[in-house]
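Trainee: Could you take me on a close look at one part of this chain, the nonpolar core, and show me how the rest of the fold sits around it? I would like one connected account.

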Amino acid sequence: MIKHLSGDFETIEYESKRSFMLYDNHEYEKFPVHWHEAMEIIMPIENHYVVTVSGIEYDIPVNDVLIIPSGELHEMPQLIPGRRLIFQCDNSALSGVAAIESIVRGVSAPILINRELNKELHSLAKKTLLDILSLNNKMNELADVKIYIALVSLLTAVREQQLEKSKQLLALDEIKLDEYSEKFNAVMKYIDANYMYDISLDRLADVAGYSK
């Protein structure tokens, strides 16, 4: 169940000194439309699960993994028996680290990780969620560190798959791809810093060094 919901905003109540939350969910209930500042990762273990994100329905088979970015409206509208892992990570634990900023930006839209997307990535995503479950149950002094490392490793692999796909689609070499990624990151940083203002396409083109 959602404990703290104000309108459609959920306040996640993390345990003391933790920035992660894992639900080993067996509950037979619906979850209303809501959003939160955490990234959410869902993997069904027994039976499929249906999640609607920003109006798009994802019917997730067992062992497939859905990553929902921070700030996305989502709901679980159907009463589906079964078991699924629901992992939430405080966005500040990721977005506040400059070294991993680029991989977090790779999750700017929902990502369904299945074998059709990439077999190796699918296997890694499944293993990561099961490893997080095991580590979460141990609750020793290094468990959270290992959970963080596992999460960053998964997000890095997701970003690598995205960059490789972009390189193939655009027929880019590594140098050109790095250049495009750097300029895209500059645009995203500008938006993050100025989202409260009226940002024009002309201004973003100037930031990127491209025509609009």
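Mentor: Happily! Let us begin with overall dimensions: for 212 residues a compact globule would have a radius of gyration near 17 Å, and the chain has 18 Å, which agrees. Please keep in mind that this is a predicted model. The C-alpha trace spans about 50 × 40 × 35 Å along its principal axes, and the chain holds 6 helices and 11 strands. Of the contacts with a separation of 6 or more, 72% are between residues 24 or more positions apart.

Now to the interior. Of the 212 residues, 39% count as buried. The largest nonpolar core has 32 residues, and the members that touch the most others are V65, I67, F87, L94, I113, L151 and L155. Helix α4, residues 143-170, gives the most to this core, with 8 residues. A second, separate core has 14 residues, including V51, I60, I80 and I86.

V65 is a good place to stop and look around. Leaving aside neighbours within four places in sequence, V65 is in contact with I41, I42, M43, I60, I111, L112, I113, A125, K126 and L129. One of these partners, I113, is also among the residues that touch the most other members of the largest core. Another partner of V65 is I60, which belongs to the second core.

Just before V65 in sequence comes a loop worth a glance. N63 is found there, between β7 and β8 (65-68), and N63 has a positive phi of about 75 degrees although it is not a glycine. Most residues other than glycine have a negative phi. At 22% relative accessibility, N63 counts as partly exposed, since the buried class requires a value under 20%. At the other end of β7 (56-60), S54 lies in the loop that follows β6 (49-53). S54 also has a positive phi, of about 50 degrees, without being a glycine, and its 47% relative accessibility makes S54 partly exposed.

A polar counterpoint is R18, placed in the loop between β2 (9-10) and β3 (20-25). With 12% relative accessibility, R18 counts as buried. Beyond residues up to four places away in sequence, R18 touches N136, M139, D144 and I147; helix α4 covers residues 143-170, so D144 and I147 fall within its range.

Finally, the outside: the accessible surface comes to about 11800 Å², with 53% belonging to carbon and sulfur atoms. The chain carries 21 positive and 33 negative side chains, and the centres of the two sets lie 4 Å apart.

Notes:
Residues are numbered from 1 along each chain as its sequence is written. This is a predicted model: local features need pLDDT of at least 70, side-chain atom pairs count only at pLDDT 80 or more; totals for chains, interfaces and linings use all residues. Side-chain values use heavy atoms; hydrogens and water are left out. Helices (H or I, at least four residues) and strands (E, at least two) are DSSP runs, numbered from the N terminus. The radius of gyration is taken over C-alpha atoms; the globule rule is 2.2 Å times the number of residues to the power 0.38. Buried means under 20% relative accessible area, exposed over 50%, partly exposed in between (1.4 Å probe, protein chains only). Contact means heavy atoms within 4.5 Å. Accessible areas come from the Shrake-Rupley method with a 1.4 Å probe; for residues, only the protein chains shown count as cover. Lys and Arg count as positive and Asp and Glu as negative; His and the chain ends are not counted. The place of a charge is taken as NZ of Lys, CZ of Arg, CG of Asp or CD of Glu. A nonpolar core is a set of buried Ala, Val, Leu, Ile, Met, Phe, Trp, Tyr and Cys residues joined through side-chain atoms within 4.5 Å.
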